[in-house]
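Here are some exercises to work through with the sequence and the model side by side. Try each task yourself before reading its solution.

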Amino acid sequence: MFRVPLGLLIVLPQLLFQIGCVQMCSKSEIHALILARGGSKGIKYKNLVKIEGLSLLARTIITIQNSSCFDHIWVSTDDKRISIEANKYGAIVHNRPSEIARDETSSLDAIKEFLDVHKAIHNFSLFQCTSVFLKEKYINEAALAFKNHDCVFAAMRSHYLRWEFVDHLLVPVGFNSKARPRRQDWKGDIVETGMFYFSKRRLVESGFLQNNRCSIVEIDQKDGLEIDSPIDLTIARCILNNKM
């Protein structure tokens, strides 16, 4: 019995897509992109860690699929185990070179490399697996806003009063310490959550992910947890277990 090599099974969907997309991909089509390298530090193989029986990668792919906003979901990775998991849940694997999967590699560099290979893609949405409370409603809201903006990203309101050192002196940032704002009188700072970024090729080619023609999708505070450490993972599991 003839067996197809595993490497071909991983690469074949990508090759077939590239052949078809050159002729069929619309410039307005949005492609979902997940960056998932194998060399995570805080938690080993973080993207494959399971919560309620599903890996963080699988949870992200399924939520993106359920949003019905994307015809193509890509996973950019340098790791075979992650490639297999991505294919298992219906994503297309982009084989990222090892030199673009180092600790010091920025997300923007990884996106540039992806777009350099897939020249027919003009609009994309970057998702991170560690935002475990990604919801379809947030994706749908972002996709709608993206029709009239160059970029859309997930954000939360922060009501923490911030300070910084300037010339060795501690000074308030954005508020008057002699007239401290009350929470109910202040909308708060807008803080990125990293959950997702809808953006365009032309921005990335100019060296940016965002510009001043952006919009945001406000995320509930309870959904803003990002898994970067074992403690974050424990908190996420406790929250999800209590919802059952």
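The exercises below concern a predicted model, and each is followed by a worked solution.

**Exercise 1. Find the element that holds T77, and decide whether T77 is buried or exposed.**

Solution. Start with the element: T77 belongs to strand β4. Next, take the accessibility. The cut-off for buried is under 20% relative accessible area; T77 has 1%, so it counts as buried. Now look at what surrounds it. Setting aside residues up to four places away in sequence, T77 touches A36, R37, G38, I82, S83, V93, H94, N95 and R96. Finally, check the side chain for a polar partner: one of its polar atoms lies 3.1 Å from the backbone nitrogen of D79.

**Exercise 2. Do the same for T63: which helix holds it, and which backbone oxygen lies 2.9 Å from a polar atom of its side chain?**

Solution. T63 sits in helix α2. Its relative accessible area is 16%, and T63 is therefore buried. The backbone oxygen in question is that of R59, 2.9 Å from a polar atom of the T63 side chain. For contacts beyond four places in sequence, you should find L134, K135, E136 and I139. One more distance is worth a look: T63 and K137 are 74 residues apart along the chain, yet their C-alpha atoms are separated by 9.9 Å.

**Exercise 3. Place S28 and decide whether it is buried or exposed.**

Solution. Locate S28 in the loop between α1 (6–24) and β1 (30–35). The cut-off for exposed is over 50%; with 57% relative accessibility, S28 therefore counts as exposed. Then turn to F124, which is 96 residues from S28 along the chain, with 9.7 Å between the two C-alpha atoms.

**Exercise 4. Work out which strands pair with β7, and in which sense.**

Solution. Take β11 (residues 214–218) to begin with: five bridges join it to β7, and the two strands run parallel. In this pairing A154 stands opposite V217. Then take β10 (residues 189–200), which pairs with β7 in the antiparallel sense over six bridges. Here F153 stands opposite Y197. As a last step, ask how enclosed β7 is. Seven of the eight residues in this strand (151–158) are buried, so the rest of the structure largely encloses it.

**Exercise 5. Describe the largest nonpolar core: which members touch the most others, and which elements give two or more residues?**

Solution. A general tendency helps here: in soluble globular proteins, nonpolar side chains tend to be buried together. In this model the largest nonpolar core has 46 residues, and those touching the most other members are I34, I64, V75, F127, F196 and F198. Two or more residues come from each of β1, α2 (56–67), β4 (73–77), α3 (80–88), α5 (136–146), β7, β10 and α7 (230–243). The largest share, six residues, is supplied by α5. Now zoom in on I34: neighbours within four places aside, its contacts include L57, I61, I64, V75 and F127. Lastly, note a second, separate core of 17 residues, with I111, F114, F153 and Y197 among them.

**Exercise 6. Which residues lie closest to the centre of the largest pocket?**

Solution. First, the volume of the largest pocket is about 610 Å³. Of its 27 lining residues, L35, R37, K46, S107 and Q128 are the closest to the centre. To finish, assign the lining to elements: α4 (107–117), β6 (123–127) and β10 each supply at least two residues.

Notes: Residues are numbered from 1 along each chain as its sequence is written. This is a predicted model: local features need pLDDT of at least 70, side-chain atom pairs count only at pLDDT 80 or more; totals for chains, interfaces and linings use all residues. Side-chain values use heavy atoms; hydrogens and water are left out. Helices (H or I, at least four residues) and strands (E, at least two) are DSSP runs, numbered from the N terminus. Buried means under 20% relative accessible area, exposed over 50%, partly exposed in between (1.4 Å probe, protein chains only). Two strands pair if DSSP finds at least two bridges between them. A nonpolar core is a set of buried Ala, Val, Leu, Ile, Met, Phe, Trp, Tyr and Cys residues joined through side-chain atoms within 4.5 Å. Contact means heavy atoms within 4.5 Å. A polar contact is a pair of N or O atoms within 3.5 Å; within protein, one must be able to donate a hydrogen and the other to accept it, and residues adjacent in sequence count only if both atoms are side-chain atoms. On a 1 Å grid over the protein atoms alone, a cavity is a set of points where a 1.4 Å probe fits but cannot get out, and a pocket is an open set with protein on both sides within 12 Å along at least five of seven lines; lining residues have an atom within 4 Å of a point. Grid points are joined across faces, edges and corners, and a volume is the space filled by probe spheres set on the points.
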